[in-house]
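Colleague: I have some terms to check before I use this model. Could you take me through how they are applied?

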Amino acid sequence: MQTEIEKTRARQRARHHDFLHAILIVAAFAIPIIAALTFYALFNGSLDSIQAFGFGFLTGTAWVPNPPNGGPPILGALPAIYGSVVTTLISLLFAVPISLGIALFQSELAPRRFRLPSIFLVELLAAVPSVVYGLWGILFLVPFMSTYIDPGLIGSLGFIPIFAGETNGLGMFTAGIILAIMIIPYGAAVMREVIAAVPRSQREACIALGGNTVETVRMAVIPYASTGIIAAIVLAMGRAIGETMAVTMVIGNVARISPSLFLPSETIPSVIANEFTEVAGNNIYLASLFELGLILFAIAFLMNLIGRVLISRLTFHGGTSTHV
Amino acid sequence: MIRMSSKNTKRNVGIVALVVVILAAVAGGYYFTTMNNTQSMSETSMMTSQSSMMSSETSMVTSIMTSATMTETSMASMTSSVAAYQPTTPVSILGAGATFPQPLIQTWTVEYNKLYPAVSISYSGIGSGAGIQQITLKTVDFGASDAPLSDAQLARAPGLVLFPETLGGVAITYNLAAWGITNTTVLNFTPAVIADIYMGTITEWNDPALVALNPGVSLPSAFITVVHRSDGSGTTYAFTNFLSVTVPNWAAQVGYSTSVTWPVDTKPGAYGVGAKGNPGVAGTVLNTHGAIGYVDVIYAVSNHLGVGAVQNAAGNFVAPTLQTILYAAQNATGTPNYQDLRLHIVNAAGAQSYPIATYTYILVYRDMSANPSTTEAKAEALAQFLWWAIHDGQQYSTALIYVPLPANVVAADEQLLLTLNYQGTPLLTG
């Protein structure tokens, strides 16, 4: 009896193990397969556009889906790519230092009774739907920027082309600010986790050598956590470049490459969101929107890749930099 | 052994639980689909009450509505000849398309359901282009579009016919409150000036051309923020169609479509901005000093924006009201022919016609059996509903700031609806 039960149990355990094994393998392969299928669907959908425009699509600046003479559409993605990259860079410019500050405050400085409320509040920001940010943007931020911030920048730094010209608040600068607010909670949350993971011994060693709080953070905490911080930035960047609704509401939606940050522009997601409803029957137009999606996919992939490379390099040098 | 059996029972319990969950899901799904109709009805009635609230706010326009229009449409509704139609088997009809006529169509579906409780109709406002796509793919029983279909679009959906169910106007709106020009000041615009603004050749409010048109108004030296739609839209179609008809230069350089490439966007020194949907354009104009934009009339009125008068074909400057838009429909050249009801009423003749007006269209298959999802019972109910909509349904127009169809268009619509059939059997008898 005893042995029989044991045998059955062993069989069951083996079966369970096989079952778990199968589920885990399926789960592990699901993500690359979904990514590959997404790529395939986007590529397949954009074939018409790739055939019609070739690489010219990436450098074209005109966006004429319905030419007045009834000819084939003339479509170029450069304004949308430009807008996406510029708004993402503006958002990172503001979001990275602020997120890092929040993360350091929460993990290094905050008294215990402030820490949890502070974490809770920052994570609350992440839960706000993007259309709400957009609404707040168009009703409050746009008038605020056009009345106070933009004229001030034009007045003081107007000799630099990126701050030149007229403003009404709708444009790349406002879009970048709203994106920064949206990605700060993501950046801050991941950075806090990686900073909290820095071993206590690192900090103690620095303090034992006579370092104050600032020196400890600069010499012991940040170098050790740098790979994680880069990962957080890459994650935040991915969110910024793909954000659609809030950006569409404040960017002005104009296919134009202009040096001034205050002029309206467009991003890849905003073009797709604006135009997909009216493409029925215009195959090249539809394919172009697919190709924009493909380009966004490629940009996000490239940014992640660059992030990975940076992480691996910093990890390699991490050991030496702590000695400095 | 005891342990094993307990494990087995556990597994059995698991299986039973799974079956119960699946059964519950199926039952819930069935319950939801049957309840869905009543639920969507209560939603639409809520919307209707909202729109009527909006319309009380906009009595400014409705009050201009004269009794002449009312008699005309009620006369038309007298000819309605739907005798002894009262279906008993429940049918549910699905429609989708343009957002502009959505409040009106939803009011119709609610009112019609009160008259014929067995017929429930739901309509989703997903945009004109998407509406055309859905009816072409035959996923809905009827579609709706603000822009008439092109020959190419009709060729892709053999058997599809379209007819106007209501009409509206496009208002030129502006925000100059910062310079003391309130929303009650009516500025004058000619087609050429509007075209120049949207081409980026006129960039300042005190441009000599604008000053000459508006004596007595001190226009500021401020740049014009030119707001247009960023998404495709029937409103853009009507607006650009008007400019193409009146300004040769516009026709050559920009043309007309549901979405066009705006020269003002890329012209150095000019300031073009795109916004999503009528609410987006109205909101941007409302929030931006020195902005100009074009929206469906109701959005200009409900947002208390300044509304401009536009020079019509007769040379008069006319502001958009239900009456002036109706004049445009009545004075449009030619009698509508039911063979092709794609009607253009921009720049219509008549001293008081508002020049930027457009019909909006319902799309159905002439032989409704062409659409596999439309059964014979549904086809009959849909034909009866459409007949009702162009007659009795028109009485709900003015309260919601729509213009009732003129009698000659109703007559042409009637002729078209009488050709609707199911596998050759006419669905309506005149």
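Modeller: The questions below concern one residue and one strand of chain B in a predicted model.

Colleague: Why is Val119(B) called buried?

Modeller: A residue is buried if 20 or more other C-beta atoms lie within 10 Å of its own. Val119(B) has 25 C-beta neighbours inside 10 Å, so Val119(B) counts as buried. Val119(B) belongs to strand β2 of chain B, residues 119-125.

Colleague: Which residues does Val119(B) touch, leaving out those up to four places away in sequence?

Modeller: The contacts of Val119(B) are Pro87(B), Val91(B), Tyr112(B), Asn113(B), Ala381(B) and Phe385(B). They count as contacts because the cut-off is C-beta atoms within 7 Å. By C-alpha atoms, Val119(B) and Ser92(B) are separated by 6.0 Å, though they are 27 residues apart along the chain.

Colleague: What makes strand β12 of chain B mostly covered?

Modeller: In β12(B), residues 357-365, nine of the nine residues are buried. On one side these are Ala357(B), Tyr359(B), Tyr361(B), Leu363(B) and Tyr365(B). On the other side they are Thr358(B), Thr360(B), Ile362(B) and Val364(B). Both faces of β12(B) are therefore covered, since a residue with 20 or more such neighbours is buried.

Colleague: Why are there two sides to list?

Modeller: In a regular strand, side chains alternate between the two faces of the sheet.

Colleague: How do you know that β3(B) and β12(B) pair?

Modeller: Pairing needs at least two bridges. Strand β3 of chain B, residues 142-145, has three bridges with β12(B), so the two pair, in the antiparallel sense. Ala144(B) stands opposite Ile362(B) there.

Colleague: What joins β4(B) to β12(B)?

Modeller: Nine bridges join β4(B), residues 160-175, to β12(B), and the two run antiparallel. Leu167(B) is opposite Tyr359(B).

Definitions and conventions: Residues numbered from 1 in each chain as written. Chains lettered and ligands numbered in written order. Predicted model: local features only at pLDDT ≥ 70, side-chain atom pairs only at ≥ 80, totals over all residues. Helix = DSSP H or I, 4+ residues; strand = E, 2+ residues; numbered from the N terminus. Buried ≥ 20, exposed ≤ 12 C-beta atoms within 10 Å, placed from the backbone. Contact = placed C-beta atoms within 7 Å.
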